[in-house]
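Have the sequence and the 3D view open side by side for this one. We will take a friendly walk through the fold, one element at a time.

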Amino acid sequence: MIKSTSIKNVVKNVLAMARGTLVIDECVQELAKPLSASNIHIITTKPGEKDEQIIERLLPNRIIVTKNPDDFKGHASSYDIGIIDVSKLKFLDPNPSPTKNKTVQSISNAIIEFSLWSKRHGFIITLYDNKKPVFKELTE
């Protein structure tokens, strides 16, 4: 039998090795597995959970991937929320392989290009199919 302290250490080590944490909105749940496989800690929203609950429970000092950025923009600066907007993409790549999934690669590239893990204020990054992502700070 494994001791509970051992399990805690395993979980702690796994989280320490992850590149960072993303919250995955209900509308883009298909991205959870390939993003997780690319060494990103994933938190998913509950089906039918209201935006206000998501904001208060999951989003302070975190980044959400969503097709509905307007649901979160108004709270971004006060809760230090980062938003990765995938609504301008023609489709979300269904490929489960993180190295072959074009959507996951776009998200990963934006994280690196804009040093998102170190941002501590509200921002939005909008991803596009055939042009560079657009970064914008959100202030009240």
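The report below starts with the sheet, moves on to two helices, and ends with a few individual residues.

## The sheet

Please keep in mind that this is a predicted model. Its sheet is open and has six strands, which follow one another in the order β2-β1-β3-β4-β5-β6 with mixed pairing. The edge positions belong to β2 (41-44) and β6 (134-137); each has a single partner strand, so one side of each is left without a neighbour in the sheet. From one strand to the next, the twist averages 25°.

As general background, strands of a sheet pair through backbone hydrogen bonds, either parallel or antiparallel. Here, β3 and β4 run parallel and are joined by four bridges. If you would like one pair to look up, Ile 64 has Ile 83 in β4 as its bridge partner.

## A buried residue in β5

Ile 124 is part of strand β5. Its relative accessible area is 5%, and because buried means under 20%, Ile 124 counts as buried.

Which residues does Ile 124 touch, apart from those up to four places away in sequence? They are Pro 69, Lys 73, Ile 83, Asp 85, Val 134, Phe 135, Lys 136 and Leu 138. One of these, Phe 135, is eleven residues from Ile 124 in sequence, with a C-alpha to C-alpha distance of 5.9 Å. Ile 83, also on that list, is the residue in β4 that partners Ile 64.

## Helix α6

Helix α6 covers residues 102-113. Its twelve residues, at 1.5 Å each, should span 16 Å, and the C-alpha atoms at its ends are indeed 16 Å apart. The buried residues of α6 are Thr 103, Val 104, Ile 107, Ser 108, Ala 110 and Ile 111. They lie on the same side of the helix, because the arc they cover around the axis is only 160°. Lys 102 and Ile 112, on the other side of α6, are exposed. Among the elements that cover the buried residues are the strands β1 (21-24), β3 (63-66), β4 (82-85) and β5 (123-126), together with α2 (32-37).

The N-terminal end of α6 deserves a look of its own. Asn 101 caps it, with a side-chain oxygen 2.9 Å from the backbone nitrogen of Thr 103. The side chain of Thr 103, in turn, reaches the backbone nitrogen of Asp 93 at 2.8 Å. Thr 103 has a relative accessibility of 4%, which is why it counts as buried. Setting aside neighbours within four places in sequence, Thr 103 is in contact with Leu 31, Leu 89, Phe 91, Leu 92 and Asp 93.

## Helix α3 and the loop before it

In α3 (51-58), the buried residues are Ile 54, Ile 55 and Leu 58. Viewed down the helix axis they fall within an arc of 110°, so they line one face of α3. The face turned away from this buried side carries Glu 52 and Glu 56, both exposed. Cover for the buried residues of α3 includes β1, β2, β3, α4 (70-73) and α5.

What about Glu 49, in the loop between β2 and α3: is it buried or exposed? With a relative accessibility of 13%, Glu 49 counts as buried. Beyond residues up to four places away in sequence, Glu 49 touches Ile 54 and Arg 57. The side chains of Glu 49 and Arg 57 are joined by a polar contact of 2.8 Å. Glu 49 also lies 9.7 Å from Asp 25, C-alpha to C-alpha, with their positions 24 residues apart in sequence.

## Two residues with positive phi

Most residues other than glycine have a negative phi. Two residues in loops are worth checking against that background. Asp 80 has a positive phi, near 55°, and sits in the loop between α5 (76-79) and β4. Its relative accessible area of 25% makes Asp 80 partly exposed.

Ser 115 comes just after α6, in the loop that leads to β5. The phi of Ser 115 is positive too, near 50°. Ser 115 is partly exposed, with a relative accessible area of 40%.

Technical notes. Residues are numbered from 1 along each chain as its sequence is written. This is a predicted model: local features need pLDDT of at least 70, side-chain atom pairs count only at pLDDT 80 or more; totals for chains, interfaces and linings use all residues. Side-chain values use heavy atoms; hydrogens and water are left out. Buried means under 20% relative accessible area, exposed over 50%, partly exposed in between (1.4 Å probe, protein chains only). A polar contact is a pair of N or O atoms within 3.5 Å; within protein, one must be able to donate a hydrogen and the other to accept it, and residues adjacent in sequence count only if both atoms are side-chain atoms. Contact means heavy atoms within 4.5 Å. The expected span of a helix is 1.5 Å times one less than its number of residues. The arc is that of the directions from the helix axis to the C-beta atoms. Two strands pair if DSSP finds at least two bridges between them. Axes are lines fitted to C-alpha atoms, for helices over the stretch in contact, and angles run from 0 to 180 degrees between N-to-C directions.
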